[in-house]
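Here are my notes on the model you sent round, set out as numbered points. Please read them with the structure open beside you.

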Amino acid sequence: MAKNYKDKIRKLLALAESPNEHEARAALLRARELMAEHKLSESDLKDPENKSVKRIMTDITCSKRRSPWVIQLSAVIGENYCCQAYRSRSKGKQTFAIGFIGLEDDVGICVEIFKYAVDCVSSKIRVLKIESGGYCAEYVTRLCNSYGYGFTNGVKEAFRKQNDEKEQGRGLVMVMPQEVKEASKDLGHAKFRARAAEQIYSGAYENGYEDGKEFNPARRLAEA
């Protein structure tokens, strides 16, 4: 019986891609009703073989002084791609490595988008370092971190706006799969506190925020 209504929802979602706007909207509305009735998320409709949970550790690192905004950015990207971001640090080290936990279909995409977002910030930071070459290292570091935090919050705002538009258009908003929540229980949940987050230069932050709002993951997905 469970398989029958899941198949029906999948067919309705397929109809929701129809070029006929009336048919597409009616199909999507019915799919959402059934998903609400049976308490299903989009991830529950995936094939069982694609529902294995994977952990991927990236090669992106940071510390409380060097690019601390990376931690917050990983959380924002992970949440919006149904994955759980986490950080790992070797004993006695100050540097954190960033990883993600998610369903096999989701986590690879999440990692690609995260790397793309970090690349966007890093490109701008290289320019900032050139432009502020005559200033002291402390000032340049704060300037770059301010831009990074601004970009991160801009990306967060961009995702919020997209999700609001989906809700208004009755599109499907992504939900963290239960399998991922279970696999993430063993992670530490201590907050990451960096002094850099309290030492913000407003100009650099605002520039980052505006750039972050224009962040377009579709570009990286198209390249992939």
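The points below go from the chain as a whole to its core, its helices, its largest pocket and a few single residues.

1. This is a predicted model, and every value below should be read with that in mind. The protein chain has eight helices and three strands, and from the N terminus on these elements follow the order α-α-β-α-β-β-α-α-α-α-α. Of the 224 residues in the protein chain, buried residues make up 39%. Among the contacts with a separation of 6 or more, 77% are between residues 24 or more positions apart.

2. The largest nonpolar core has 38 residues, and those with the most contacts inside it are Trp 69, Ile 77, Phe 100, Phe 114 and Phe 215. At least two residues of this core come from each of strand S1 (53-62), H3, strand S3 (96-103), H4 and helix H5 (137-168), and it is H4 that gives the most, with eleven residues. Ile 77 is a good place to begin an inspection of this region: leaving aside its neighbours within four places in sequence, Ile 77 is in contact with Cys 110, Ile 113, Phe 114, Ala 117, Val 155, Phe 159 and Phe 215.

3. Helix H4 takes in residues 104-131. Because a helix is expected to rise 1.5 Å a residue, the 28 residues of H4 should span 40 Å, and the 42 Å between its end C-alpha atoms agrees with this. The buried residues of H4 include Phe 114, Cys 110, Ile 113 and Ala 117, and these four are also in contact with Ile 77. Further buried residues of H4 are Asp 106 towards one end of the list and Leu 128 towards the other, with Val 118, Val 121 and Ile 125 among those between.

4. Ile 109 also lies in helix H4, but its relative accessibility of 37% means that it counts as partly exposed, since the buried class stops under 20% and the exposed class begins over 50%. Ile 109 and Cys 83 are 26 residues apart in sequence, while their C-alpha atoms are 9.9 Å apart in space.

5. For helix H3, the same check on length can be made: at 1.5 Å a residue its twelve residues should span 16 Å, and its end C-alpha atoms are 17 Å apart, which agrees. Nine of the twelve residues of H3 are buried, so this helix is largely enclosed by the rest of the structure. The buried residues are Trp 69, Val 70, Ile 71, Leu 73, Ser 74, Val 76, Ile 77, Gly 78 and Asn 80, and two of these, Trp 69 and Ile 77, are named among the residues with the most contacts inside the largest nonpolar core.

6. The largest pocket holds about 500 Å³ of space. Two elements, helix H3 (69-80) and strand S2 (84-88), give two or more residues to its lining, and H3 gives the most, with six residues. The lining has 23 residues in total, of which Ile 71, Ala 75, Arg 87, Ala 190 and Phe 192 lie nearest the centre of the pocket. By class, the lining is made up of 13 nonpolar, six polar and four charged residues.

7. Two residues deserve a look at their backbone. Ser 67, in the loop between S1 and H3, has a positive phi of about 50° although it is not a glycine, and its relative accessible area of 17% places it among the buried residues. Cys 82, in the loop between H3 and S2, likewise is not a glycine and has a positive phi, of about 60°; with a relative accessible area of 3%, Cys 82 is buried.

8. Which residues does Ala 196 contact, once its neighbours within four places in sequence are left aside? They are Lys 64, Pro 68, Asn 145 and Tyr 149. Ala 196 is found in the loop between helix H6 (178-183) and helix H7 (202-213), and at 10% relative accessibility it counts as buried. Ala 196 and Arg 66 are 130 residues apart in sequence, yet 9.1 Å apart in space from C-alpha to C-alpha.

Methods. Residues numbered from 1 in each chain as written. Predicted model: local features only at pLDDT ≥ 70, side-chain atom pairs only at ≥ 80, totals over all residues. Heavy atoms only, no water. Helix = DSSP H or I, 4+ residues; strand = E, 2+ residues; numbered from the N terminus. Buried < 20%, exposed > 50% of the residue type's maximum accessible area, 1.4 Å probe, protein only. 1 Å grid on protein atoms, 1.4 Å probe; cavity = no way out; pocket = protein on both sides within 12 Å on 5 of 7 lines; lining within 4 Å. Points joined across faces, edges and corners; volume = space filled by probe spheres on them. Nonpolar A, V, L, I, M, F, W, Y, C, P; charged D, E, K, R; others polar. Expected span 1.5 Å × (residues − 1). Contact = heavy atoms within 4.5 Å. Core = buried A, V, L, I, M, F, W, Y, C linked by side-chain atoms within 4.5 Å.
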